[in-house]
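Please look through the sequence and the model shown here. A short report on the chains comes after them.

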Amino acid sequence: MVYFPFVKADKYQHITDQQLLRQFYADQNNEWLGILLQRYTLLLLGVCMKYLKNEEEAKDSVQQIFLKVIQELQKYKVEYFKSWIYMVAKNHCLMKLRDRHGKMPVEINDRLAAAPEEETDKNAILQNDRTLELMEAALKELNPEQQRCVTLFYLEKKSYQEISNATGFTMLQVKSYIQNGKRNLKIIIENKLKDEKIPS
Amino acid sequence: MPDNYKDILSNPSNEVDQETLLLYLQNKLSEEKKHEVEKKLLESEFAEDAIDGLQQIKDKKQIACMVEMLNRDLKNKLKKKKRRREKMQLKDQPWIYIVILIFILLIIISFFIIQKSLHS
């Protein structure tokens with residue numbers, strides 16, 4: 001396996017983000033923030049690249065986001081760090097785009113700062129045995145492209161590349177069919193469960 | 001019913017580490033491992049946005065260097081901040097004020113002693 005000398009494994013990986021934040025709030029030692037922020041450098045660079053589409057601007061933005069995060073964390077307590085820093089990064093990029101174009105282009109998603117991604121909701125659905133029984137029928141209700149990609153990805157454990165080779169769809173299409181297929185499956189199953197609860 | 005049905009609605013808690021993500025971006029993972037990474041990425045909007053962006057970087061080999069430079073810059077900034085805070089703390093040390101006060105008092109006392117000795 002190729003080794004990246006520059007991106008060393010995090011020797012503090014046994015410490016969670018929340019524990020690092022707690023340590024920082026307790027002794028105000030910036031080194032904790034350093035450890036925490038370095039976990040997100042690659043992701044931040046990616047998010048900035050996605051929105052700004054310019055490598056130099058993306059790198060500058062990551063540095064500015066680091067500074068902003070350091071300042072904000074000294075003032076406020078943050079609970080869900082990952083969601084919060086993602087929101088800070090997105091807002092920063094949107095402000096940059098606004099400056100570039102002279103207008104506000106996209107909405108800001110408050111949900112991100114509130115809680116980690118719908119975990120409880122998903123688990124509740126998963127715990128329901130009936131959900132899995134309904135899955136087979138729900139899969140058949142997807143459009144053929146979504147059905148094929150979801151089946152190949154989740155049931156046959158193929159990668160995007162393999163699915164792309166097998167179907168002739170582009171990688172982007174494959175990803176989009178899986179994302180949308182998964183979302184639609186959830187909706188179909190939720191509706192089926194609701195229908196079962198309502199007596200006819 | 002295949003057990004894999006569970007995977008469609010499950011939320012794998014393990015996150016992809018930076019090294020694996022870099023290998024994924026450089027297309028250096030087995031198809032099986034790629035599938036694992038992609039499954040985890042589908043669960044995180046943050047990671048998905050990041051991968052979309054990182055895939056736009058032409059020279060994927062440069063990404064690790066860019067990350068290293070950003071990390072080094074972050075460490076330097078944090079060190080500077082720490083040094084500045086230590087200086088500020090030094091200024092706030094009460095014993096410095098006490099020493100200065102004692103020093104001033106000593107000067108005043110010596111002044112009076114000298115004056116008195118000159119008069120006498």
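The text below covers the two chains, the confidence of the prediction and one pair of packed helices.

This is a predicted model, in which local features need pLDDT of at least 70, side-chain atom pairs count only at pLDDT 80 or more, and totals for chains, interfaces and linings use all residues. Residues are numbered from 1 along each chain as its sequence is written, while chains are lettered from A and ligands numbered from 1 in the order in which they are written.

The table sets out the chains. Helices (H or I, at least four residues) and strands (E, at least two) are DSSP runs, numbered from the N terminus. A residue is buried if 20 or more other C-beta atoms lie within 10 Å of its own, exposed if 12 or fewer, and partly exposed in between, with C-beta atoms placed from the backbone. The confidence score pLDDT is given by the predictor for each residue, from 0 to 100.

| Chain | Helices and strands | Buried residues | Mean pLDDT |
|---|---|---|---|
| Chain A | eleven helices, zero strands | 32% of 200 residues | 83 |
| Chain B | six helices, zero strands | 24% of 120 residues | 84 |

In chain A, 80% of the residues score at least 70; in chain B, 84% of the residues do. For the complex, the predictor gives an ipTM of 0.74 and a pTM of 0.72.

Confidence varies along chain A. Among its elements, helix α3 (residues 41–52) of chain A has the highest mean pLDDT, 95, and helix α6 (residues 111–114) of chain A the lowest, 42. Over residues 105–115 of chain A, pLDDT stays under 50. Where pLDDT is low, the predicted coordinates should not be read in detail.

Two residues are in contact if their C-beta atoms, placed from the backbone, lie within 7 Å. Of the contacts in chain A between residues at least 6 apart in sequence, 56% join residues at least 24 apart.

How do two helices of chain A pack? Helix α9 (residues 144–155) of chain A and helix α10 (residues 160–167) of chain A have axes 10 Å apart, at an angle of about 135 degrees. Therefore α9(A) is oblique to α10(A) (angles under 35 degrees count as roughly parallel, over 145 as roughly antiparallel, 65 to 115 as roughly perpendicular and the rest as oblique). Axes are lines fitted to C-alpha atoms, for helices over the stretch in contact, and angles run from 0 to 180 degrees between N-to-C directions.

From α9(A), R148(A), C149(A), L152(A) and F153(A) meet I163(A), A166(A) and T167(A) of α10(A).
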